Amino acid sequence: MKLWKPISLFIILWSLLTYVLFIQSFSKEVQQSISQQTLTIIEESNANSASPIEKFISAILLHDNTLNYQNTLYLVHQQKDASSVQALPFKPIVLSTLFKVLPTLIVLSAVALGFALVGAFFQRIKTGPSIDAMCRKTEQMMSIYGQRSEDMTGFSGLSQLNYHLKSLLQIAANHKSQTEHNALCDRLTQLTDRHAFLEHLNTVIDRTEKDPQQSAILFIDLDGFKQVNDSFGHSFGDEILIQVAERLRSIVRSQNLSFKDSDSVLEYNLARLGGDEFAIFIQFLDKSEQAVNIARHVLSELERDFVLGSKIIKISASLGIAVYPDSAATPSALVQMADVAMYRAKADGRGIYRIYSPEMGSKLRRYHYLLEEMRLAITANNFTLSFQPIIHVDGSSISYFEALVRWQHPVEGNISPGEFIPIAEESNLILDLGDWILDEACRQMAAWYNAGMRKARISVNISGVQLAHRPIYDWTIAALNKMGLPPSSLMLEITESCFIDVSDEVKGQLERLRADGVMIAIDDFGTGFSSLSLLANLPVDVLKIDRLFISEAMQNPKYNNILNSIIELAQRLDLKVVAEGIEQIEQLELLKSLGVVYIQGYLISRPQSSMHVGDKVLAKSQNHIAQTGTGIWPPEKSRMIGNF
Ligand code: C2E
Ligand code: MG
Ligand code: MG
């Protein structure tokens, strides 16, 4: 409470009263001195006028007619004659007045002090309990916000209340700015959220409407983040996102792209748009190379190892760039176009950037169209399987049939798996589709198995999403049991790139499948750049060398050497080698010379319907099947030469 007002009022009144008392007493004293004839006669010619200070004091005491005579101040009473005056000594009168007034003043002060104390006492009695109650209340309020009040014993209730109220005000101010911050920022990464980011873009673009300034959005999406989440758990994934945000924040700062509100800690030019999507806004783009340089910097930063406890994780990102005003005129359209460009980067191989161009929009529309159509096709059962034989070069006996999914669209006709499988994987539709593929492949193989083909296997492609979401051991065994098929009739193909991300838990399950008799193949080997040491520890039986790799080896001696080394290494690791995509007899001869005995490719056969396979194998070679447990697949005669 502010006390200065009553205190100053009291001082003013007290001073006034003292003054009045003093003046009155002083006048009386002067009268008394005159009546007692203590007047001094002063020759005016011997006297001086009083000093300014003396004049001031005597003016305050309302007796300003003074003279200085022999260094003593006198009050002039009256003119005696032309040259002399009757006067009274000033100092003794002042002193005697002071002595007379002092007791009265002391009594008065004591009474005033007494009144003040009694008043304060009664005030305390009256307000004390309610102040204490308020103190307790404010203390409770502080503890709600986790703030403990300091030890204030010895301080008055009012001071304590004052302190608590100040603390509460501080808490309220902090809380307000925290709430504002939370409303605009992503809780996990502390980056601006999508909404605040778009608003910021709006403001910037509005501001520069009259004089449009080039700017750019970098849309960043992590590659394979879903697998990280699935394999290591969500809290692990969260940690990765926090580290990604940290790396992006330092890029934004080092590249001088920062934009902050004066009273906010939020970095408005960097946002987490949701999930594993981030965006950077380059507000003033000097030239388009600037966006590209920053994009490259972002990609290389995100490719650096992420260290979490004892684990080291590698991820990459795909990045789309859209430039304002060339790519789009509004913030949300700009972000959308950057998103489209990012999709293109994903489709073109991941870990790269793409700059938006209008034809990309049609790609995205195609993506969404196929996604919807695929949903319908799965429920309507519009998929079929084709089977491509993998044969042993000596005698053309069938070792495996690779089951390959086919989609005959009512309007589009045949849509290639190369186009729809990536979309199915990205949208997780591969889970439902993959369930059907495994069941259907096992159903078909069961029919051939029961017809005597007990040595051939059906080989089914499994995607990384399935490995992450399906309990792979139980899922496979259940499909086999449903069709009454032994595990020795099945092979699972997993691409090399999926194997790189596979968790130890999944590896363990694959190991159990192998122990039961299911074979595991590493598909498209040579394209995933996995390390050879990784290969030694994988639970695999078969290595399928990618067809691109083989066709390169025909023209390029370096590839030839690498192919040679891969085959040698596979043989040392006791792995069977299948050569994919053999189209020419020269390729076959090369692979035979390198010791490869399992061959797949158009030279032997294109993928065929189950009816065709049935006709070709079962109908014509029953005796052979009965003797060997598998059929033979004579290659297309027109293509073959020599004794193959
Ligand atoms: P993949 O598993 O490596 O399958 C081999 C692909 O090579 C097949 O293409 C096959 O038709 C093709 N091919 C075989 N021999 C030759 C040849 O001599 N020359 C050429 N140019 N191509 C040959 P397809 O059926 O178009 O499948 C492409 C990819 O789609 C597959 O590659 C596989 O990764 C994926 N895929 C196909 N079916 C399935 C499936 O049922 N499930 C999953 N998850 N993926 C599948
Ligand atoms: Mg395959
Ligand atoms: Mg392959």
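Trainee: In this predicted model, does Asp 435 count as buried, partly exposed or exposed?
Mentor: The relative accessibility of Asp 435 is 23%. Buried would require under 20%, and exposed over 50%. Because the value falls in between, Asp 435 counts as partly exposed.

Trainee: With which side chain does Asp 435 meet in a salt bridge, and how many residues apart in sequence are the parts tied together?
Mentor: The partner of Asp 435 is Arg 470, with an N to O distance of 2.9 Å. Asp 435 belongs to helix α12 (residues 429-450), whereas Arg 470 sits in the loop between α13 (464-469) and α14 (472-483), so the parts tied together by Asp 435 and Arg 470 are separated in sequence by 35 residues.

Trainee: Which strand does Arg 194 of helix α5 reach through its salt bridge?
Mentor: Arg 194 pairs with Glu 277 at 3.9 Å, N to O. The two residues are 83 residues apart, Arg 194 being in helix α5 (residues 194-207) and Glu 277 in strand β8 (residues 277-282). Arg 194 is partly exposed at 35%, and Glu 277 is likewise partly exposed at 21%. The strand that holds Glu 277 is β8.

Trainee: In the salt bridge between Asp 541 and Arg 514, which residue is buried?
Mentor: The N to O distance between Asp 541 and Arg 514 is 3.2 Å. Arg 514 has a relative accessible area of 27% and is partly exposed. For the other partner the value is 17%, and the cut-off for buried is under 20%, so the buried residue is Asp 541.

Trainee: How many salt bridges are counted?
Mentor: Salt bridges with shared partners join Glu 402, Glu 493, Lys 544 and Glu 580 into one network. The count of salt bridges comes to 24.

How values were computed:
Residues are numbered from 1 along each chain as its sequence is written. Chains are lettered from A and ligands numbered from 1 in the order in which they are written. This is a predicted model: local features need pLDDT of at least 70, side-chain atom pairs count only at pLDDT 80 or more; totals for chains, interfaces and linings use all residues. Side-chain values use heavy atoms; hydrogens and water are left out. A salt bridge is a side-chain nitrogen of Lys or Arg within 4 Å of a carboxyl oxygen of Asp or Glu. Helices (H or I, at least four residues) and strands (E, at least two) are DSSP runs, numbered from the N terminus. Buried means under 20% relative accessible area, exposed over 50%, partly exposed in between (1.4 Å probe, protein chains only).
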